[in-house]
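Me: I have a structure here and do not know how to read it. Can we go through its features one at a time?

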Amino acid sequence: MTFLVTGARGQVGRAVARALLDEGRPVRVASSGPQSALPGLTAQTVPFDQRDPAVLAAALDGVRGVFLYARPEGIDTFTRVARDAGVEHVVLLSSLAVLAQGAQDSTIARSHRAVEEALTSSGLATTLVRPGAFASNTLQWSEAIRATRRVDLAYPDAHTEPVHERDMAEVSVRALLDPAHRGTVPHLTGPESLTQARQVELIAEAIGSPVTVREVSPEEYRERLAAHLPGPVADAVLRGQAARVGHPGPTYDGVREVLGRPAADFAQWALDHADDFR
Ligand SMILES: NC(=O)c1ccc[n+]([C@@H]2O[C@H](COP(=O)([O-])OP(=O)(O)OC[C@H]3O[C@@H](n4cnc5c(N)ncnc54)[C@H](OP(=O)(O)O)[C@@H]3O)[C@@H](O)[C@H]2O)c1
């Protein structure tokens with residue numbers, strides 16, 4: 001049974017592909033980007049564009065299980081072509097954002113909800129993996145930490161419950177391999193709620209060198225975000241952070257429920273990624 005892993009340039013997609021390859025499973029990796037941008041994976045690579053039935057049919061030929069990033073554009077084409085190709089099961093990388101207060105007004109939550117609904121009404125078996133904030137979001141600080149040992153933040157006291165990409169990948173792979181997880185909706189966070197300032201401290205401990213935090217205005221911070229993200233997404237990120245100042249969030253036990261072991265904490269994630277920040 002061949003597995004198709006989409007979003008293969010992403011942190012989670014890459015980890016899913018690696019974990020399946022480590023298990024000796026036949027894997028095809030798909031990316032919307034150039035095939036040359038997929039280093040280190042000894043798998044067949046294919047282009048991926050959900051809006052293009054011919055590209056989809058080629059990517060899905062002979063595939064029974066798919067790890068899918070949540071992109072609303074073309075999702076109905078995807079479900080139709082997947083059914084025609086004989087795909088049995090889709091593990092979706094969704095988001096806990098769909099549960100947040102005011103989710104109906106959030107671009108991020110609405111797009112994930114739309115993809116969840118398209119899949120669950122398609123007749124394909126699904127597993128909706130809903131993670132909270134990725135620990136790997138802090139890689140956006142890596143350049144500044146490497147260059148200046150300083151991070152500029154608008155909301156240093158904003159909390160998240162960062163989850164390791166390896167945990168998301170292992171849960172997704174378990175779901176792809178074990179039919180008992182079809183129809184389930186695992187909720188994944190790290191084991192603790194941490195402020196951004198504390199996350200910087202743990203990165204500093206991992207690299208063995210002090211890192212300072214400078215508080216900047218939300219306007220200045222937004223300008224930087226908007227250089228990498230679409231405007232509405234930058235606004236949503238900033239609003240999300242402001243709402244979490246002084247508000248530790250709940251943690252979820254999905255990693256333990258699926259894998260029978262605790263989720264990795266952020267100190268471990270920082271050690272695993274220390275070289276990115278040195
Ligand atoms: N970040 C979070 O805290 C968080 C939390 C919950 C849910 N999510 C959801 O998880 C999904 C992925 O989140 P993410 O982007 O933060 O993590 P990621 O796993 O690193 O994914 C990056 C995504 O961007 C695409 N991409 C386009 N250009 C890229 C480039 N130059 N390098 C690497 N990837 C590139 C990749 O797909 P291609 O290879 O196909 O282009 C991949 O889908 C999104 O649907 C997001 O809403 C994220």
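Reply: Start with the sheet. This is a predicted model, and it contains an open sheet of seven strands in the order β3-β2-β1-β4-β5-β6-β9, with parallel pairing.

Me: Which strands are the edge strands?

Reply: An edge strand pairs on one side only, and here that applies to β3 (44-47) and β9 (187-188).

Me: How many bridges join strand β5 to strand β6?

Reply: Strands of a sheet pair through backbone hydrogen bonds, either parallel or antiparallel. In this case β5 (residues 89-93) and β6 (residues 125-131) run parallel and are joined by five bridges. For a residue to look at, take L92, which stands opposite L128 in β6.

Me: Which strands does α1 touch where it packs on the sheet?

Reply: Helix α1 touches β1 (2-5), β2 (27-31), β4 (63-69) and β5. The direction of α1 makes about 160° with that of β1.

Me: Now a helix by itself. Which residues of helix α3 are buried?

Reply: To read burial, count neighbours: a residue with 20 or more other C-beta atoms within 10 Å of its own is buried. In α3 (residues 75-85), the buried residues are I75, F78, T79, V81 and A82. They pack against α2 (53-60), β4, β5 and α4 (107-120).

Me: What phi does G86 take just after α3?

Reply: G86 has a positive phi of about 90°.

Me: Into which domains is the chain divided?

Reply: A domain can be made of several stretches of chain, as the list of bounds shows. Domain 1 covers 2-131, while domain 2 is assembled from 133-164 + 190-249 + 264-278. Taken over C-alpha atoms, the centres of the two domains are 27 Å apart.

Me: How many residues of each domain are in contact with the other?

Reply: Five residues of domain 1 are in contact with six residues of domain 2. On the domain 1 side, these divide into two nonpolar, three polar and no charged.

Me: That leaves the ligand. Why does the ligand lie between the domains?

Reply: Look at where the surrounding residues come from. Domain 1 and domain 2 both give residues to the shell around the ligand, so it lies between them. The shell has 21 residues, of which the closest are G7, R9, G10, S31 and S95.

Me: Which element gives the largest share of the shell?

Reply: Helix α1 (residues 11-22) does, with three residues. By type, the residues of the shell divide into 10 nonpolar, 10 polar and one charged.

Key
Residues are numbered from 1 along each chain as its sequence is written. This is a predicted model: local features need pLDDT of at least 70, side-chain atom pairs count only at pLDDT 80 or more; totals for chains, interfaces and linings use all residues. A residue is near a molecule or strand if its C-beta atom, placed from the backbone, lies within 6 Å of it. Helices (H or I, at least four residues) and strands (E, at least two) are DSSP runs, numbered from the N terminus. Ala, Val, Leu, Ile, Met, Phe, Trp, Tyr, Cys and Pro count as nonpolar, Asp, Glu, Lys and Arg as charged, and the others, Gly among them, as polar. Domain bounds come from an automatic or database domain assignment. Two strands pair if DSSP finds at least two bridges between them. Two residues are in contact if their C-beta atoms, placed from the backbone, lie within 7 Å. Axes are lines fitted to C-alpha atoms, for helices over the stretch in contact, and angles run from 0 to 180 degrees between N-to-C directions. A residue is buried if 20 or more other C-beta atoms lie within 10 Å of its own, exposed if 12 or fewer, and partly exposed in between; C-beta atoms are placed from the backbone.
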